[in-house]
Each structure stands twice: as C-alpha cells, then as structure tokens.
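Reader: Before I rely on the descriptive words used for this model, I would like to see how each one is reached. Could you take me through the reasoning, term by term?

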Amino acid sequence: MDTDTDDRDRGYRAAVREAVLDADTFLRLTMSGKVRGQQTPWVKVVARPVAARRKRGIQVSYFSDRKNIQKNFVGEEVGPALESLLGLPFGQIHVQCTSRDLHVRRTKKNRVLMRHGRPSRPDEAPVFDHNRKKRRLLEGEGAGELLRAIGIAGKRGEAMQGKFRQVNEFLRHLGQMILSAKPSMRRIQMVDCGCGRAYLTFAAHDYLSRKKGIPTHLTGIDHDPEIVETCRAIRDDLQLSGVDFRICEIAEYVPETGPDIVLSLHACDTATDEAIALGVRRGSRIILAAPCCQHELRSQLDADVFGPVLRHGVLKQRTADILTDAFRAQALRIMGYRTDVVEFVDPERTAKNLMIRAVKTAPPGDDAEAVDSYRKLKTFWDVSPSIERLLGKPFQRMTGVG
C-alpha cells in the first residue's frame, strides 16, 4: 500500500470523485464517522452504481438512527450529488473498485490521511440493476450438492437463508483477509475450532479449493463424537479430499503442522478464547472469530462509576460482551496481529453478528501502546479475562498480568 499522505482539501476529493465516476470499476462508496463539532442527520451514507431512465448514475442510501432514504442520481445529476456528499462532515470515506480501494480518514487534528489499497472486492463487477441479486460465494456449479449435504439447502434447492447468509459473509471476509496476507498464500492449512455441523468447514474448503483454486487442507475439531461422525459421513458421501475431523477440545488440540488460518464461528463462551489462543500459539497468519455467548466477565464486573449500568442485568451482560471482545482484540494486537472488530451480518438477522479479524503483521510485544492500553483497561475494570491465561507466560510477561 502507498504511504499515508496529508491532503486537506482538493486532493482527496478529486481522488474520490475520479474513483466514483469510473463506471467500469466503481462498486461502492461508504461514508461514516461523524467529525467532532459538526452536525449531520446521517450516521452513514452509501452509494453504488445504478441505471435509471436509460442513464447510468449512482444510488445513494442515507442512514439515520430511525430511517433509510434512497435516491437515484443519473446523468448530469451525478456530479452535483457527489459534491454534496463530499461536503458532508464524515471522518471516514471508503471507495471500493474492482482495481483498488481508496481509504480517506480525517484525524482529530483535522488532518486528512489518504491511501490506496488492494481491492477488497476484486471478483465483482459493477451492477446497475435496481433490484440486483446478491452475489453469493456458495452459489455456482457444484455448490448445490454441498448445500443440500450440509443442510443449508433443501432437496428443491431452497436455502436456509439465515445460515446461508452468515456463511457467505464469513467467506467474504475470509477472502479479503487472504488477499491482504503477505506473502500471498499458495497452499493453506486451516483449522475450524468448534466446528459443530461443519457448515463453515465444508463451505470454506469448497470456496478456497474449488472457487479460488488454492490447495487447502481443513480440519474441523469438536468435542461431540456424534457430530464429528456425522461430519465424516457427509465428507465421505461427497468424496472430499483435504477435509478431516477430530474429536477434541479446542484447548487440547495439537495440529501436526501450524495452521495458516484459524476459524471459529459461534464457539460458545471461552471456546472463542481457546480458538484465538490456538491460532496465536501456533503462529497462524489469519484468525477469524465470530464470538457467541460471553459469560466469564459478567460476574467480575464491579466499577462504581458504572453502577447505573451494571445494576440492570441486560446492560451488564452487554457490557461484559463488549469488554470480552475488546480484551480479545487488544491481546491480538499485542501478539503482533493487525486486528479489527466488524459486523459481518445485519444485526436484524442475528445478535451474534460481530467478527474479530486478525492478520499477523509484526513480532509479539512490538506495539507498546497496545500493551499500555490493555493494562489500563484491565486496571480500570479489575478483571481477569481468560485470554490472558490461555496465551500463557509470553503474553503475561509482556503485559505484566497473571
């Protein structure tokens, strides 16, 4: 990626304008993050290509806390509409194109930082239909039999939409992370922790080996012998190679070779911590975890200033959920992973919609600020997250905990 550059005015606007107006490559513009001291009724604005009145243009979706408004701008309307969007006080702009991504961020000191990156959606092409069909990674030749075998689709091909959508979005993030990994991955060893019925295990193997053409060996681990036997039977019926299943607790699993990627989709409570720790200890280049229920910190929370929050059970649980994932993400940063937490499906579909994404970029302990922030967060709440114990002595020495 190019280095960050300081450009307060015309530079970044011209770059955004050029990217959005390229009808052959433009996919999506997302503006979010309000600028301190400035007001806008919108929390986010999204634009995508559209065709209306036999002309090409953009469809803009304006999101507030209570409503979503869509407007189409075509032909000569596009330029003024785009200038109006660029005048909105948003701190982050993300333009996705088939050839590249453009990231613009306004800092607290009002500096504008702009950088270009690899395309996050390289396999897509601009779609101009109003009612466009969503691109699904599990669709296409050969996918139907897999979907029926793992129970996501019925005999007539209709998909179990909730699970189908979750797995597709998980795969989309997986593809982005693999694309961002350096050097690029030519062969992949992957572990799915707490695989359950193995929706993700089979889907990830199919996506990488069949659609991406990357030789992939994937191991699903679960503590339930009956579930593992069911998964093995599905594998055998589909005559798949490169897919294995083990009856094992996550914390006890010892892979024969260090996995390149560790996955965890809705592993309960501290099982997510165990999956993250497995990936870190074994030097996994990519870790993707969508946490499920989080209970361990709930009983430890006792901060006087948060008394009005913690006296309500539902608010206390949500606070514990947020803190648990914050400690996990910060621990990954300390261990040398570039980490973020994102929503990977619509929260209206499921409350379990957060994903922790991490890619190895630096040696452990290289980020002193991350260590300091972790210590301060731990001191304020006076809690002991399981991730500290599971990452063991190296992590404890770096942070001074344990």
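Reader: What makes up the lining of the largest cavity, by class?

Author: In this predicted model, the lining of the largest cavity divides into 5 nonpolar, 1 polar and 2 charged residues. The residues concerned are Y12, F90, G91, I93, V104, R105, R106 and V112, and since Gly counts as polar and Arg as charged, G91 belongs to the polar class while R105 and R106 belong to the charged one. The elements that give two or more residues to this lining are β6 (90-97) and β7 (101-106).

Reader: Why is this space called a cavity, and how many cavities of 30 Å³ or more are there?

Author: The word cavity is used because a 1.4 Å probe fits at its points but cannot get out. The count comes to 1 cavity of 30 Å³ or more, and the largest cavity holds about 40 Å³ of space.

Reader: What makes the second largest pocket a pocket, and which residues lie nearest its centre?

Author: A pocket is an open set of points with protein on both sides within 12 Å along at least five of seven lines, and therefore the term differs from that of a cavity, where the probe cannot get out. About 450 Å³ of space lies in the second largest pocket, and of the 22 residues that line this pocket, G194, G196, L265, H266 and A267 lie nearest its centre. At least two lining residues come from each of α5 (199-211), β10 (216-222) and α7 (271-281), and by class the lining has 11 nonpolar, 4 polar and 7 charged residues.

Reader: How do you know what to call the arrangement of α9 and α10?

Author: Helix α9 (residues 313-334) and helix α10 (residues 368-381) pack at an angle of about 155 degrees, with their axes 9 Å apart. Angles over 145 degrees count as roughly antiparallel, so α9 is roughly antiparallel to α10. The crossing in which α9 passes α10 is left-handed. On the α9 side the contact includes T319, L323 and F327, which meet residues of α10 including Y374, L377 and W381; by class, this contact has 10 nonpolar, 3 polar and 2 charged residues.

Reader: Why is α9 called oblique to α11?

Author: The axes of α9 and helix α11 (residues 386-399) come within 11 Å and cross at roughly 45 degrees. That angle is not under 35 degrees, nor does it lie in the 65 to 115 range or over 145, and the rest count as oblique; therefore α9 is oblique to α11. Here, too, α9 passes its partner α11 in a left-handed crossing. F327, A331 and I334 of α9 meet I387, L391, F395, M398 and T399 of α11, and this contact has 7 nonpolar, 1 polar and no charged residues.

Reader: What makes α7 roughly parallel to α11?

Author: The axes of α7 and α11 come within 9 Å and cross at roughly 25 degrees. Because angles under 35 degrees count as roughly parallel, α7 is described as roughly parallel to α11. The crossing of these two helices, α7 and α11, is right-handed. From α7 the contact takes D273, E274, I276, A277, V280 and R281, and from α11 S386, I387, L390 and L391; the class totals for this contact are 6 nonpolar, 1 polar and 3 charged residues.

Reader: Which residues account for the charged class in that last contact?

Author: Asp, Glu and Arg count as charged, so D273, E274 and R281 of α7 are the 3 charged residues in the contact with α11.

Note on methods:
Residues numbered from 1 in each chain as written. Predicted model: local features only at pLDDT ≥ 70, side-chain atom pairs only at ≥ 80, totals over all residues. Heavy atoms only, no water. Axes fitted to C-alpha atoms, helices over the stretch in contact; angles between N-to-C directions. Helix = DSSP H or I, 4+ residues; strand = E, 2+ residues; numbered from the N terminus. Left-handed = near helix turned anticlockwise from the far one by under 90°. Contact = heavy atoms within 4.5 Å. 1 Å grid on protein atoms, 1.4 Å probe; cavity = no way out; pocket = protein on both sides within 12 Å on 5 of 7 lines; lining within 4 Å. Points joined across faces, edges and corners; volume = space filled by probe spheres on them.
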